[in-house]
Amino acid sequence: MNYKSPTCPFCKDDIKDIAFLESENFYVIYNYAPILPGHSLVIPKNHIQSLLELDENQHLEFFQLSLKAAKLILKVFNADSFNWTVQEKPPAGQSIPHLHLHIFPRHEHDLPNPGDWYPLLKENEKAQYIDSDSDKRVKLSRQEQIDIVNHIKTFL
Ligand SMILES: [Zn+2]
């Protein structure tokens, strides 16, 4: 568990600049193209594709850190609902081969229907790699990400 891929956006050295929580093996980062305010990702520090590659201690560490992240973003974004989702491997919609758990707070009527997040998430997965002008969603600059991360950290 000590490999970084040179082409992977989640393996970049400066990823820690946009992390607001971390544990020994994982970061929680703020998404570069949030589908809703608060959209965060729990990722391993090393290039690991699947939950199934983690050992038991890492499963526990991952789950505990993810719950801590969920509680924190609910507080920061004043919500009590959230989505929590992992796409495992390309047939399930994983486009970046580096495990990432999406967590995003939900509010009444934040989207026309509660399930409308999924098409947005598919676009978001693409946005991590490709900077497409046709994608109308908000993309944050690195500085905007850092500002939000610093704001979230004030709630710790
Ligand atoms: Zn990676």
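This is a short talk on the fold of one protein chain.

Good morning. One caution before we start: this is a predicted model.

Let's take the overall picture. The chain has 156 residues, and 26% of them count as buried. Its C-alpha trace spans about 40 × 35 × 30 Å along the principal axes. How does the radius of gyration agree with that of a compact globule? For 156 residues, a compact globule would come out near 15 Å, and this chain has 15 Å, so the two agree.

Next, the elements. We have three helices and five strands. Follow the sequence and you read β-β-β-α-β-β-α-α. Contacts reach far along the chain, too. Take those with a separation of 6 or more: 69% of them join residues 24 or more positions apart.

Now the sheet. In what order do the five strands lie? The order is 1-2-3-5-4, in an open sheet with antiparallel pairing. Strand 1 and strand 4, residues 81-85, are the edge strands, and each pairs on one side only. From one strand to the next, the twist averages 20°.

Let me zoom in on one pair. Strand 2 and strand 3 are antiparallel, and five bridges link them. Look for Tyr27 there. Opposite Tyr27 stands Ile43, in strand 3.

On to helix 1. Which strands does helix 1 lie across? The answer is strand 1, strand 2, strand 3, strand 4 and strand 5. Against strand 5, helix 1 runs at about 25°.

That brings us to the core. A general point to set the scene: in soluble globular proteins, nonpolar side chains tend to be buried together. Here, the largest nonpolar core holds 28 residues. The members that touch the most others are Val28, Ile29, Val42, Ile43, Leu65, Ala69 and Ile103. Where does the core come from? At least two residues each come from strand 1 (19-22), strand 2 (26-30), strand 3 (40-44), strand 5 (101-106), helix 1 (56-76) and helix 3 (142-153). Helix 1 gives the most, with seven residues.

One residue to find on your screens: Leu65. Leave out residues up to four places away in sequence, and Leu65 touches Leu21, Ser23, Phe26, Val28 and Val42.

To sum up. Keep in mind the open sheet, ordered 1-2-3-5-4. Keep in mind helix 1, lying across its five strands. And remember that helix 1 gives the most to the core. Thank you.

Technical notes:
Residues are numbered from 1 along each chain as its sequence is written. This is a predicted model: local features need pLDDT of at least 70, side-chain atom pairs count only at pLDDT 80 or more; totals for chains, interfaces and linings use all residues. Helices (H or I, at least four residues) and strands (E, at least two) are DSSP runs, numbered from the N terminus. The radius of gyration is taken over C-alpha atoms; the globule rule is 2.2 Å times the number of residues to the power 0.38. A residue is buried if 20 or more other C-beta atoms lie within 10 Å of its own, exposed if 12 or fewer, and partly exposed in between; C-beta atoms are placed from the backbone. Two residues are in contact if their C-beta atoms, placed from the backbone, lie within 7 Å. A nonpolar core is a set of buried Ala, Val, Leu, Ile, Met, Phe, Trp, Tyr and Cys residues joined through C-beta atoms within 7 Å. Two strands pair if DSSP finds at least two bridges between them. Axes are lines fitted to C-alpha atoms, for helices over the stretch in contact, and angles run from 0 to 180 degrees between N-to-C directions.
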